[in-house]
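Got your viewer open and a selection box ready? Load the model below and follow along, one stop at a time.

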Amino acid sequence: MAPFCHSRPLLIAVVILGLAAVLVVTLPEVPAAGEPGVRTDMPARIGRFRGERILYCQNLQCLRTYSDSDHPPTNCLSCGAALDEVSPAERMSLPPDTRIFKRRYTDGGGRLFYVSVVLTGADQRSIHRPQQCLPAQGYVIARSRRLSLPEGARPLEFNLLEVRDGTAARREVRRPLLFAYWYVGLGRETPSNGMRLLWTATDRLFHRQANPWAYVAVLTDDGPGAEEQLKAFLVELRAALVRL
Ligand SMILES: [Zn+2]
């Protein structure tokens, strides 16, 4: 009996989350009319870090990238195709009303933070969990933790993944990474995708609202002191980005 008793809250949670996912998929589409919980112009600075755009060549045979510090041209220097802040792979895999905002933040001292914000449209499939995307890119998630930083009116709760290169056969092994992410709705934040789906379902069901949700992800190189620097950056990023 004991294992059953212990697993009962888990079972209830699984049933609720499953129900939420079914509701999200089956409820009639409600226009995404609400306000997002994040600013849609990415902050030019986060503390001492300066933001740069990353531009992707839209030619699938080329895929060259440029950043603002490269003084990017209007078209790719290699192939002449148009450049855009959204990569061709993202554009093909996400619903067309998905909005994506990205910046690379640098302090000139070697520490880089890549920030991406994915904003859902009417379709919740805009948001892909990194547990689905990272393995497809040849990475393994060595460790996953849920952390809480006591900041401001409410703590910042987020997921922290320790990401490693999963392809030993590669000639050039990619560096270990830290990957932090959480979800932001209007006046709401959660590190849980299940909670986000539950709120999405109840908003549609009881309020006839489909407020957009933002998936906020931050990537940086792992190494000595990296986690503490990332936490400090996340606190400043949230203060600049999230409309609390
Ligand atoms: Zn190109």
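Start with the whole chain before selecting anything. Of the contacts with a separation of 6 or more, 63% are between residues 24 or more positions apart. Keep in mind that this is a predicted model. Colour by secondary structure and you should find five helices and twelve strands. Of the 244 residues, 25% are buried.

**Stop 1: the main core**

Now select V117, A180, A214, V216, V218, F233 and L234. The largest nonpolar core has 33 residues, and these seven touch the most other members. To see where the core comes from, show β6 (99-106), β7 (112-119), β9 (156-165), β10 (177-185), β12 (214-221) and α5 (226-241), each of which supplies at least two of its residues. Which element gives the most to this core? That would be β10, with seven residues.

Stay here and centre on A214. Skipping neighbours within four places in sequence, A214 is in contact with P36, G37 and V38, with V117, V118 and L119, and with Y183 and V184.

**Stop 2: the other core**

Next, pick L55, C57, C76 and L83. They are among the five residues of a second, separate core.

**Stop 3: a loop residue**

Jump to M42, in the loop between α1 (2-26) and β1 (45-46). Is M42 buried or exposed? Buried, because 20 other C-beta atoms lie within 10 Å and 20 or more is the cut-off. Apart from neighbours within four places in sequence, the contacts of M42 are G51, F101 and R103. If you like distances, draw one from M42 to E52: the two are ten residues apart along the chain, and their C-alpha atoms are separated by 9.7 Å.

**Stop 4: helix α4**

Select residues 193-207, which make up helix α4. Here's a quick sanity check on the geometry: at 1.5 Å a residue, the 15 residues should span 21 Å, and the end C-alpha atoms are 20 Å apart, so the two agree.

Now look along the axis and highlight N193, R196, L197, T200 and A201, the buried residues to look at in α4. Why do they sit on the same side of α4? Because they cover an arc of only 130° around the axis. Swing to the other side of α4 and you'll meet F206 and H207, both exposed.

One last click: R208, which follows α4 and has a positive phi, near 50°.

Definitions and conventions. Residues are numbered from 1 along each chain as its sequence is written. This is a predicted model: local features need pLDDT of at least 70, side-chain atom pairs count only at pLDDT 80 or more; totals for chains, interfaces and linings use all residues. Helices (H or I, at least four residues) and strands (E, at least two) are DSSP runs, numbered from the N terminus. The expected span of a helix is 1.5 Å times one less than its number of residues. A residue is buried if 20 or more other C-beta atoms lie within 10 Å of its own, exposed if 12 or fewer, and partly exposed in between; C-beta atoms are placed from the backbone. The arc is that of the directions from the helix axis to the C-beta atoms. Two residues are in contact if their C-beta atoms, placed from the backbone, lie within 7 Å. A nonpolar core is a set of buried Ala, Val, Leu, Ile, Met, Phe, Trp, Tyr and Cys residues joined through C-beta atoms within 7 Å.
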